[in-house]
Amino acid sequence: MEQIEMIERLREKAELTYDEAKGILESVNWNLLDAMIALEKEGKLKERQKMSYSTKQENLDCYGLENVNGKKESVGDILKRAVHWCGEVLLKGLNNKLCVERKGSKIIEIPVTIAVLLMIPAFYVIIIALLVAFFAGCKFSFSGPDLGTDKINDVLGRVEFEYHGKDEKSDNQNQDMDINDKK
């Protein structure tokens, strides 16, 4: 290592001018380690920045998040709220049912949660089954405290009614054509 590099190194470790660093190195015969020890004894070395890591509760404030009310919440509180919300959604899905009827008799009545969960692995099969049931004249409705409202069931009934209305008109036209053909 050259003398200038040794002076620079010593200046990095202690707040010294070039002349001071050169003087100390000359006094210890250009031995960098001996120069550092001499500076340490004199108390001229820079303090090392100490770093520490802790799992104490007071150090976890940086993970706090503010909610709508301005209160800080920890990640655990947010996870608890998310799990609670998921539980409420599952219960609502289990309390409400999807009903499929044909000619006034119920074919199937399953909880909405089960219907949604079945959609995940067998999406295309379920869609095809719903279309077949729709064209076979099945009526879909929801029952339960949350989804069993008249608005939702009216929309589903209107879709079923419009289809059958068109079907009945085409049947009537076909019958009229048959009668005219016989004359």
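This section describes the largest pocket, a nonpolar surface patch and the salt bridges of a predicted model.

The largest pocket encloses about 350 Å³ of space. Its lining comprises 16 residues, and L98, I110, A115, I126 and L130 lie nearest the centre of the pocket. In composition, the lining of the largest pocket is made up of 16 nonpolar residues, with no polar and no charged residues. At least two lining residues come from each of β3 (97-102), β4 (105-111), α5 (112-119), α6 and β5 (139-143). Helix α5 provides the largest share of the lining, namely five residues.

A nonpolar patch of about 800 Å² is found on the surface, formed by F123, Y124, I127, I128, L130, L131, V132 and F135. L130, one of the patch residues, is also among the residues nearest the centre of the largest pocket. I127, another member of the patch, belongs to helix α6, which spans residues 123-135. I127 is classed as partly exposed because its relative accessibility is 30%.

Two salt bridges are found in the whole structure. One joins the side chains of K22 and E26, with an N to O distance of 3.9 Å. Both residues are located in helix α2 (residues 18-27), where K22 and E26 are four residues apart, about one turn of the helix. K22 is partly exposed, at a relative accessible area of 38%, and E26 is likewise partly exposed, at 43% relative accessibility.

A salt bridge also links the side chains of E109 and K106, at 3.1 Å from N to O. E109 counts as partly exposed, with 36% relative accessibility, whereas K106 counts as exposed, with 51%.

Technical notes. Residues numbered from 1 in each chain as written. Predicted model: local features only at pLDDT ≥ 70, side-chain atom pairs only at ≥ 80, totals over all residues. Heavy atoms only, no water. Patch = residues over 30% accessible without salt bridge, like charges linked within 9 Å, V, L, I, M, F, W, Y side chains within 5 Å. Areas by Shrake-Rupley, 256 points an atom, 1.4 Å probe, with all protein chains shown as cover. Salt bridge = Lys/Arg side-chain N within 4 Å of Asp/Glu carboxyl O. Buried < 20%, exposed > 50% of the residue type's maximum accessible area, 1.4 Å probe, protein only. 1 Å grid on protein atoms, 1.4 Å probe; cavity = no way out; pocket = protein on both sides within 12 Å on 5 of 7 lines; lining within 4 Å. Points joined across faces, edges and corners; volume = space filled by probe spheres on them. Nonpolar A, V, L, I, M, F, W, Y, C, P; charged D, E, K, R; others polar.
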